[in-house]
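Open your viewer and keep the selection tool at hand. Each stop below says what to pick and what is found there.

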Amino acid sequence: MSKKVVDWDNCSTIIVGKDASATGKVIMAHNEDTPNCVLQVVKVPRIKHKEGEVLTFADGDAVIPQVEETWAYMWSECRALGGEPFADGFMNEWGVAVASDSCVSTKESKLEHGEGIGYALRRLIAERAKTAREGVQVAGELVKKFGYRSTRAYHICDKDEGWVFQATVGNQFVAKRVGDDEIYYMPNWLTIHEVDFSDTEHKNYYWSEDVVKYAIDNGWYTPKTDGDWSDFDYAKNLVFTPGAAAAGEAALRAGTPIVTDTNMARSGINQRACAQLGVERFCYMANPEVAQAAQANGTTRAVAA
């Protein structure tokens with residue numbers, strides 16, 4: 001009997017606009033299909049911070065200055081067997097809710113970047129935003145300054161607005177407001193296609209300032225009309241190489257090992273599915289030899305691994 005590739009565990013999110021909701025308020029529902037996890041809910045109070053405080057996180061190398069005061073929030077903390085907190089959700093005292101979903105890799109994944117910010121972006125939004133819109137602004141400023149380490153979709157909602165913030169490896173992002181009469185579903189890949197660059201007041205869109213130039217410079221996008229970006233497709237222009245999914249499936253069927261650049265990602269890969277395929281999972285980021293090689297060569301641990 002040939003080996004069968006089973007469905008991988010994935011998370012998903014639904015956002016219902018306030019006019020499409022019977023409550024007259026935005027509804028966000030998020031599901032974590034992460035096996036073998038322990039879920040605990042933690043209430044974190046509003047906190048005043050000392051001048052000069054900084055934040056660091058296990059899944060990135062960014063050193064982030066702390067703000068003067070952080071808001072109180074409820075923290076739904078989902079931990080895998082290894083203790084990695086990669087599936088957390090948040091709702092703060094102002095009613096701003098934050099959840100996120102992994103997305104398929106993009107072309108940028110092949111470029112060299114620092115490790116920047118990872119899953120901790122959820123907590124930073126909850127700590128700093130009074131509205132969903134402000135949460136998008138917080139996320140954009142952090143990604144622009146420190147960079148993001150993977151391809152991921154963040155869902156940031158309050159009672160009046162729902163936003164989808166999608167970041168790719170590096171400093172590029174696009175955010176789109178879910179229409180009041182719309183229902184949005186997140187299927188674990190980039191979903192933002194068109195971007196209204198005339199929306200300079202950011203009523204419905206935010207974007208990194210050089211997102212189009214970045215795609216052009218890397219040869220991923222050529223405007224049909226010079227200077228006209230109306231045919232720019234964020235999800236299409238930054239997606240990974242055609243045929244990569246089929247090649248990945250073939251590799252898994254052949255029992256090719258999976259190597260990740262974080263222990264969190266390794267823990268998020270279904271162990272039972274890997275066992276059925278005879279696939280092993282590895283992460284070398286915590287190896288002392290990797291840290292030494294990164295320091296000696298002036299690279300990140302991800303590159304050295």
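The tour goes through two helices, then a few single residues, then a surface patch. Keep in mind that this model is predicted.

**Stop 1: helix α1**

Select residues 121–128, which form helix α1. How many of its 8 residues are buried? The count is 7, so the helix is largely enclosed by the rest of the structure. Click through the buried ones: L121, R122, L124, I125, A126, E127 and R128. Keep L121, L124, E127 and R128 in mind. They come back at later stops.

**Stop 2: helix α2**

Now select residues 132–146, helix α2. This helix has 15 residues. From its first C-alpha to its last, α2 reaches 21 Å, close to the 21 Å expected at 1.5 Å a residue. Colour its buried residues: A132, G135, V136, V138, A139, G140, L142 and V143. What covers them? The cover includes α1 and the strands β6, β11, β12, β13 and β15. To show some of these strands, select 152–157 for β11, 162–167 for β12 and 173–178 for β13. Then step to G147, which follows α2. Its phi is positive, near 80°.

**Stop 3: F165**

Go to F165 in strand β12. Is F165 buried or exposed? It counts as buried, because its relative accessibility is 0% and the cut-off for buried is under 20%. Now display its contacts, leaving aside neighbours within four places in sequence. On α2, the contacts of F165 include V136, A139, G140 and V143. On α1, F165 is in contact with L121. Other contacts include R152, A153, Y154 and I156, as well as F173, V174 and A175. Try a distance too: the C-alpha atoms of F165 and A139 are 8.1 Å apart, although the two residues are 26 apart in sequence.

**Stop 4: F57**

Next, select F57 in the loop between β5 and β6. F57 is buried, with a relative accessible area of 18%. Which residues does F57 touch, beyond its neighbours within four places in sequence? They are I64, A120, R123 and L124. L124 is one of the buried residues of α1. Now draw a line from the C-alpha of F57 to that of G118. It spans 8.1 Å, while the two residues are 61 apart along the chain.

**Stop 5: Q66**

Move to Q66, in the loop between β6 and β7. Q66 counts as buried, at 13% relative accessibility. Show the side chains of Q66 and R128: they make a polar contact at 3.5 Å. R128 is also one of the buried residues of α1. Beyond its neighbours within four places in sequence, Q66 is in contact with H49, E53, V54, L55, E127 and R128.

**Stop 6: S12**

Select S12 in strand β1, residues 12–16. S12 counts as buried, at 15% relative accessibility. Leaving aside neighbours within four places in sequence, its contacts are A29, H30, N31, D101, Y185 and M186. Follow Y185 to the last stop.

**Stop 7: a surface patch**

Find Y185 in strand β14, residues 183–186. Y185 is partly exposed, with a relative accessible area of 48%. Add I14 and I183 to the selection, and switch on the surface. With Y185, these two make a nonpolar surface patch of about 320 Å².

Definitions and conventions. Residues numbered from 1 in each chain as written. Predicted model: local features only at pLDDT ≥ 70, side-chain atom pairs only at ≥ 80, totals over all residues. Heavy atoms only, no water. Buried < 20%, exposed > 50% of the residue type's maximum accessible area, 1.4 Å probe, protein only. Helix = DSSP H or I, 4+ residues; strand = E, 2+ residues; numbered from the N terminus. Patch = residues over 30% accessible without salt bridge, like charges linked within 9 Å, V, L, I, M, F, W, Y side chains within 5 Å. Areas by Shrake-Rupley, 256 points an atom, 1.4 Å probe, with all protein chains shown as cover. Salt bridge = Lys/Arg side-chain N within 4 Å of Asp/Glu carboxyl O. Expected span 1.5 Å × (residues − 1). Contact = heavy atoms within 4.5 Å. Polar contact = N/O pair within 3.5 Å; in protein donor to acceptor, adjacent residues only side chain to side chain.
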